[in-house]
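Okay, thanks for making time, everyone. I'd like to walk you through one structure today, so let me put it on the screen.

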Amino acid sequence: MSTSDRTAVLAGLGTCLPVGEEDNATLSERLDTSDSWIRERTGIAARRIAGPDVSMRDLAVAAGENALKSAGLAEVDAVVVATSTPDRPLPAAGPQVAGSLGLGSVPAFDVSAACSGFLYALAVSAGLIGTGLAGDVLVVASEKYSRVVDPADRATRVLFGDGAGAAVLRSGRRDEPGALLAVDWGSEGTGRDLIHQPEGQGGYLSMAGRRVYLKAIEHMTGSTLRVLDQCGWAISEVDTFVPHQANMRIIQAVAQQLSLPADRAVCALERTGNTAGASIPLALAHGQANGTVRAGDRTVLTAFGAGLAWASAALVWPEINTVESEL
């Protein structure tokens, strides 16, 4: 196959969630909030929280192993890890994840694009495949936001949870189910302080809620429309819409802006919360499990997060079996 014919095809999907769960009632004992207040504003009833003995890297390795099982592969040509909550700033998690999975000396590196991390890593990996630098790539998005969220800050503490999702991309043809048909991505560095951690170590995540809400709607809507234009789809032809699982209100607002029927938008955060970069693969696994993500569906993925950074991708969903686990 020539490089002009080669494209990235989704071949496997795996996830891992920590076993620990923190529900709204538990949070209400420590914060000035309530189950009804949280549900009404976010759609979240509980979030998964990794214990002190479970690292971001542990979740990444488990999700990566599950994705490889899903794809039926024991080896890949490269590993890309998307995370904005690394266990330590140096070295990168990618080589450690590859080593833990027994993948030898393959190139492995990290991508930091916050809640857009999975889609950024997907785009980079598709580039590796399209240029012939790799045939199969493992993409892992793993986050441990419980480590960077202020336990006393109601605005962020109720939102975020921990988890990991991974995908295997293989070299294939554009007319195959699972082929990545179009990608849109971009950034707005002037909005860097809307979602940020202070410089240095130990600072908690800070977020300008209302402004982030408006920016998320603006950029996920615009990016989705651009990716639809690239692949020649009308919004009415989209079967399944999988947005970043920030909160229910943002998901509903983006669907409304797009004039997309609400039942086509996957909302999977009720029991996981906002898992940042891991939220889209976790939502895809959730959608497969409950039948809202089906083989043959014209599927659009979109995300927005700190940076500010956003991305969208389009594909026809393939026939794959997601492998899930808990840690």
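Let's start with helix 7, residues 209–231, which lies across strand 8, strand 11, strand 12 and strand 13. Against strand 12, residues 298–305, helix 7 runs at about 145°. And keep in mind that this is a predicted model.

Now, the sheet under discussion. Those four strands make an open sheet, ordered 8-13-12-11, with mixed pairing. At the edges you have strand 8 (182–187) and strand 11 (240–243), each pairing on one side only. On average, neighbouring strands here are turned by 10° against each other, ignoring direction. If you zoom in on strand 8 and strand 13, residues 309–316, they run antiparallel and six bridges join them. One pairing to click on: Val183 has Ala313 in strand 13 as its bridge partner.

Next, helix 4, residues 93–100. Which of its residues are buried? That would be Ala93, Gly94, Gln96, Val97 and Ala98. Their cover includes helix 3 (56–71), strand 4 (78–82) and strand 5 (108–111). Right after helix 4 comes Gly102, with a positive phi near 70°.

Last topic, the cysteines. How many disulfides do we count? Zero, taking sulfur pairs within 2.5 Å as the rule. Take Cys267: it's in no disulfide, and the nearest cysteine sulfur, from Cys115, sits 15 Å away. Cys267 is partly exposed, at a relative accessible area of 37%. Cys231, on the other hand, counts as buried because its relative accessibility is 15%, and the cut-off for buried is under 20%.

How values were computed: Residues are numbered from 1 along each chain as its sequence is written. This is a predicted model: local features need pLDDT of at least 70, side-chain atom pairs count only at pLDDT 80 or more; totals for chains, interfaces and linings use all residues. Side-chain values use heavy atoms; hydrogens and water are left out. Buried means under 20% relative accessible area, exposed over 50%, partly exposed in between (1.4 Å probe, protein chains only). Helices (H or I, at least four residues) and strands (E, at least two) are DSSP runs, numbered from the N terminus. Contact means heavy atoms within 4.5 Å. Two strands pair if DSSP finds at least two bridges between them. Axes are lines fitted to C-alpha atoms, for helices over the stretch in contact, and angles run from 0 to 180 degrees between N-to-C directions.
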